[in-house]
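Here are a few exercises to work through with the coordinates loaded. Try each task before you read its solution.

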Amino acid sequence: MEDSRIACLVTGCAGFIGSHLAERLLARGCSVIGVDNLATGHRRNMAAFAEHPDFTFFERDVCAPGLVAKARTVCPRLSHVFHLAAVVSVPYSVDHPRHTMAVNLDASVSLHEAAREAGLRAFVFAGSAAEYGETATVPIVEGAAGPDTVQQSPYGRAKFLASARIAASGFGVSLRCFNVYGPRQSASSPYSGVISLFMERGLCGRPLTIFGDGGQTRDFVAVSDVVEGYLLAAGLTGPTETPLAGIFNVGTGHSTSILELARLVAKLTGNDREPEFLSSRQGDIRHSVADFSKFAAAGFSPNLSLEKGLAILLDWQRLQKG
Ligand SMILES: NC(=O)c1ccc[n+]([C@@H]2O[C@H](COP(=O)([O-])OP(=O)(O)OC[C@H]3O[C@@H](n4cnc5c(N)ncnc54)[C@H](O)[C@@H]3O)[C@@H](O)[C@H]2O)c1
């Protein structure tokens with residue numbers, strides 16, 4: 001299918017990942033209808049494409065019914081839905097479990113059903129590594145989360161239940177991303193906010209602060225690679241035009257300790273201060289790394305090394321500082 005014939009609904013388009021995805025889809029020639037209530041997203045994240053003639057923005061809550069129908073009034077040939085809007089703060093989800101379930105589970109299920117009933121071509125949902133709970137076995141495979149898994153927060157629980165519903169329906173795909181990083185990420189992100197924080201401190205010549213001994217490991221994946229994963233899942237790139245179905249991990253398979261990350265950022269920012277160690281945070285998972293062989297078999301191939309990705313982020317962060 002010609003990209004200029006493809007029309008996509010992107011929820012969470014003013015957020016970190018959603019804004020990169022919308023920008024990439026528009027650059028390919030797709031039309032994009034973006035939806036966001038600006039709860040954690042920002043208009044400035046859309047600056048690069050807000051005026052694009054093929055972009056329409058609705059400031060709107062995804063819990064409001066009729067989203068697919070509304071999008072189709074603007075663009076009757078709507079074919080693909082990328083659903084990224086969510087409550088993303090884990091502490092907020094603990095304090096507000098009902099709101100989290102309403103947004104991350106109920107609205108996701110409704111949107112998925114509406115897309116299926118409308119006969120749309122693809123539905124891609126932003127699942128999460130948080131669906132795995134405190135699993136001890138790394139690298140983590142998709143099957144590690146099941147009905148008995150205890151997620152550590154309503155955020156993880158809602159994502160798990162939504163992913164399971166989508167997978168059981170046979171229509172649509174859930175991408176369980178690990179720690180996504182890159183330009184436009186908020187320093188408060190539970191996933192890779194640590195990178196933005198390290199960068200900020202590194203650039204100011206302040207010591208980097210590490211919770212615990214820094215031996216915790218994470219799988220940091222660049223937002224540009226994640227966006228390619230979204231396109232692949234929707235059947236817009238890759239070996240076949242058929243959208244994927246089911247659940248797929250999205251990561252690099254490389255584990256990086258927080259101490260290694262601190263050293264890399266210190267080197268890049270020219271910060272020679274010794275890191276400061278603070279007491280470890282309760283509930284901090286020790287090791288997390290993706291087994292993404294299932295997604296790799298479908299054609300996913302992350303190609304930005306952490307060093308290169310951090311250099312890109314650093315350039316962006318310097319530009320923001322002016
Ligand atoms: N960043 C990561 O490392 C990571 C990892 C795994 C999964 N995810 C998932 O990817 C998606 C995007 O995450 P992100 O890091 O870009 O976060 P983000 O906060 O930057 O983006 C989420 C967007 O959703 C919007 N939103 C929230 N509630 C809404 C509602 N009720 N109606 C409409 N819009 C709403 C926010 O305003 C924001 O723009 C989320 O679903 C998140 O759970 C992110």
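**Exercise 1.** Which residues does Phe82 touch, not counting residues up to four places away in sequence?

*Solution.* Keep in mind that this is a predicted model. Start by dropping the residues up to four places away from Phe82 in sequence, and you're left with Cys8, Leu9, Val10, Thr11, Leu21, Leu25, Val124, Tyr230, Ala234 and Leu236.

Next, put Phe82 in context. The largest nonpolar core has 42 residues, and Phe82 is among those that touch the most other members, along with Leu21, Leu25, Leu175, Tyr230 and Phe295. Then ask who supplies that core: β1 (7-11), α1, β5 (122-128), β6 (173-177), α7 and β11 (246-250) each give at least two residues. The largest share, seven residues, is from α7. Another core lies apart from this one; it has 27 residues, including Ala7, Cys75, Val81 and Leu105. As background, nonpolar side chains in soluble globular proteins tend to be buried together.

**Exercise 2.** Describe how helix α1 packs on helix α7, and sort the contact residues by character.

*Solution.* Geometry comes before chemistry here. Helix α1 covers residues 16-27 and helix α7 covers residues 223-233; their axes are 10 Å apart, at an angle of about 60°. The crossing of α1 past α7 is right-handed.

Now list the contact. On the α1 side you get Phe16, Ile17, His20, Leu21, Arg24 and Leu25, and on the α7 side Val223, Val226, Val227, Glu228, Tyr230 and Leu231. Sorting them gives nine nonpolar, one polar and two charged residues. Leu21, Leu25 and Tyr230 should look familiar: they turned up in the largest nonpolar core.

**Exercise 3.** Is Ser19 buried or exposed, and what does Ser19 contact away from its sequence neighbours?

*Solution.* Ser19 sits in helix α1. Its relative accessible area is 0%, so Ser19 is buried. Skip its neighbours within four places in sequence, and the contacts are Gly12, Cys13, Asn45, Phe49 and Arg184. Hang on to Arg184 for the last exercise.

**Exercise 4.** How many disulfides does the count come to, and why is Cys75 not bonded to Cys8?

*Solution.* The test is a pair of cysteine sulfur atoms within 2.5 Å. Apply it and the count is zero. For Cys63, the nearest cysteine sulfur belongs to Cys13 and is 16 Å away. For Cys75, the closest cysteine sulfur is in Cys8 at 9.0 Å, so the pair is too far apart for a bond. Accessibility splits these two: Cys63 is partly exposed at 35%, while Cys75 is buried at 9%.

**Exercise 5.** What is the sign of phi in Leu38 and in Arg184, and which peptide bond at Pro139 is cis?

*Solution.* Start from the usual expectation: most residues other than glycine have a negative phi, and most peptide bonds are trans. Leu38 has a positive phi, near 60°. Leu38 lies in the loop between β2 (31-36) and β3 (55-59) and is partly exposed, with a relative accessible area of 23%.

Arg184 isn't a glycine either, yet its phi is positive, about 80°. Arg184 is in the loop between β7 (179-181) and α6 (193-203); at 17% relative accessible area, Arg184 is buried.

Finish with omega. The bond joining Val138 and Pro139 is cis, with omega about -5°. Pro139 is placed in the loop between β5 and α5 (154-169).

How values were computed
Residues numbered from 1 in each chain as written. Predicted model: local features only at pLDDT ≥ 70, side-chain atom pairs only at ≥ 80, totals over all residues. Heavy atoms only, no water. Axes fitted to C-alpha atoms, helices over the stretch in contact; angles between N-to-C directions. Helix = DSSP H or I, 4+ residues; strand = E, 2+ residues; numbered from the N terminus. Left-handed = near helix turned anticlockwise from the far one by under 90°. Contact = heavy atoms within 4.5 Å. Nonpolar A, V, L, I, M, F, W, Y, C, P; charged D, E, K, R; others polar. Buried < 20%, exposed > 50% of the residue type's maximum accessible area, 1.4 Å probe, protein only. Core = buried A, V, L, I, M, F, W, Y, C linked by side-chain atoms within 4.5 Å.
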